[in-house]
Amino acid sequence: ESSLVKSKFRGSLLGSLIGDCLGAPFEGDVVTSGDKIILQKYFDKLQDSNFKGPYKQYTDDTAMMKSVAKFIIDKPEPDYKFLAKLFATEYFSEPKRGYGQNVIEVFHKLKNSKFENIYKPATEQFFGSGSYGNGGAMRIAPVALFFHDNYKLMLEVAINTTKITHTNILGINGALLQCIAIHQALLMDPENKIDPIVFCKKLNEKMKELEKVDEDDEYDLDGTSKAYQDSLEIVEYLLEKEYNDGLDEEVIEKLGNDIRAHKSVPTAIYCFLRAQSEIPKIDTSNIFRRTIQYAISLGGDTDTIACMAGAIAGAYLGEDAISPYLAKQCEFYKEVLEMADNLFSSREGV
Ligand code: 8NA
Ligand code: MG
Ligand code: MG
Ligand code: MG
């Protein structure tokens with residue numbers, strides 16, 4: 001029983017890494033139907049036990065996820081200043097990992113102010129509106145795993161880790177949605193098939209609580225506080241739709257595939273749920289591979305959408321469902337497994 005949870009920790013962090021590494025070469029692409037054949041061959045080749053190629057390198061997604069894991073493993077009580085320092089140290093030691101355009105400013109300000117107020121730099125982003133990039137969501141997996149039996153604390157830690165770089169409500173709620181999606185997947189038995197509609201409805205029930213607007217708050221004119229509930233309705237609508245040639249274009253148009261949290265987190269969840277059954281032009285019986293391959297096939301922010309979808313799929317399926325040949329193509333895969341085990345064993349002292 002506890003070995004299943006341990007395997008899910010490994011599956012989720014490995015899923016996140018594989019999505020990042022395999023998705024990164026396609027970042028920014030507009031994927032056409034011909035590219036889907038190329039993608040199929042790319043995955044077939046990578047999964048071939050005889051294939052030897054250079055490591056696929058990880059990007060900012062994994063770089064930041066590493067810091068979140070270390071922050072949890074090294075300190076029994078959440079120490080957010082420690083995390084802010086880890087983020088900045090990681091960035092300054094390897095700045096060329098493809099970080100978001102603006103988050104870099106936060107690292108500079110944190111460092112220049114000697115981490116005096118770790119939440120201030122992020123609040124100043126975008127003329128005070130804060131970032132709604134998907135950078136909070138892409139690194140959240142260790143929080144969902146480690147705190148999975150304390151839902152309230154998990155949410156609190158998710159918010160506080162996100163706010164160091166992302167303070168826009170869409171950036172924060174996107175990280176929360178990704179967190180509860182991993183959490184919900186972790187609690188599912190991989191022997192049981194997932195009903196995608198039920199899974200989605202359950203997430204939406206939880207988002208209703210998280211996106212609740214304070215009665216005294218000003219009227220929410222732009223509807224941002226319900227953005228994720230609305231997107232999950234669309235996820236459900238798309239899941240119920242019969243396949244047609246324009247379906248993937250409709251997914252991109254209605255859910256998005258870019259670096260904004262609200263235009264990528266629901267998309268990643270959709271990828272995971274759609275991959276529970278066969279997808280045209282994706283020839284594999286493996287749900288994990290289908291999830292990642294489909295996520296990349298949508299183009300746009302491929303590393304991050306595949307990373308988020310992979311984290312959810314790995315939390316549901318566990319490590320055994322992930323091809324070791326795919327894993328071995330990724331830089332840092334051994335360290336990620338070690339990190340998952342450390343995260344798992346750190347819980348025993350709590
Ligand atoms: P971020 O906070 O810099 O946000 C990313 C981008 O989102 C910003 O540069 C802006 O363009 C836009 N943005 C965010 N908030 C606002 C706002 N309030 N008003 C206007 N524009 C806004 O960094 P992040 O950590 O959220 O970024 C994560 C993403 O960047 C990931 O996809 C990661 O892989 C990386 N990345 C993506 C691409 C790509 O083109 N898909 C390229 C390089 C790096
Ligand atoms: Mg990236
Ligand atoms: Mg959306
Ligand atoms: Mg990205």
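In sorting residues by class, Ala, Val, Leu, Ile, Met, Phe, Trp, Tyr, Cys and Pro count as nonpolar, Asp, Glu, Lys and Arg as charged, and the others, Gly among them, as polar. With that in hand, the shell around ligand 1 in this predicted model breaks down into five nonpolar, twelve polar and five charged residues.

So who sits right up against the ligand? There are 22 residues around ligand 1, and Gly98, Asn102, Ser131, His166 and Asp301 come nearest. Asn102 also turns up in a polar contact: a polar atom of its side chain is 2.7 Å from an oxygen atom of ligand 1. Backbone atoms join in as well. A polar backbone atom of Gly130 lies 2.9 Å from a nitrogen atom of ligand 1, and a polar backbone atom of Tyr132 is likewise 2.9 Å from a nitrogen atom of the ligand. On its own, ligand 1 has 840 Å² of accessible area, and the protein covers 79% of that.

As for where all this happens, ligand 1 takes up the space of the largest pocket. Two elements, α3 (60–74) and α15 (302–317), are the ones that give two or more residues to the shell around it.

Away from the ligand, the salt bridges come to 19. In one of them, the side chain of Arg347 meets that of Asp149, with 2.6 Å from N to O. This pair ties together distant parts of the chain, 198 residues apart: Arg347 is in the segment after α17 (333–346), while Asp149 is in the loop between α7 (141–146) and α8 (151–162).

Key: Residues are numbered from 1 along each chain as its sequence is written. Chains are lettered from A and ligands numbered from 1 in the order in which they are written. This is a predicted model: local features need pLDDT of at least 70, side-chain atom pairs count only at pLDDT 80 or more; totals for chains, interfaces and linings use all residues. Side-chain values use heavy atoms; hydrogens and water are left out. A residue is near a molecule or strand if one of its heavy atoms lies within 4 Å of it. A polar contact is a pair of N or O atoms within 3.5 Å; within protein, one must be able to donate a hydrogen and the other to accept it, and residues adjacent in sequence count only if both atoms are side-chain atoms. Accessible areas come from the Shrake-Rupley method with a 1.4 Å probe; for residues, only the protein chains shown count as cover. On a 1 Å grid over the protein atoms alone, a cavity is a set of points where a 1.4 Å probe fits but cannot get out, and a pocket is an open set with protein on both sides within 12 Å along at least five of seven lines; lining residues have an atom within 4 Å of a point. A molecule sits in a cavity or pocket if more than half of its atoms lie within 2 Å of its grid points. Helices (H or I, at least four residues) and strands (E, at least two) are DSSP runs, numbered from the N terminus. A salt bridge is a side-chain nitrogen of Lys or Arg within 4 Å of a carboxyl oxygen of Asp or Glu.
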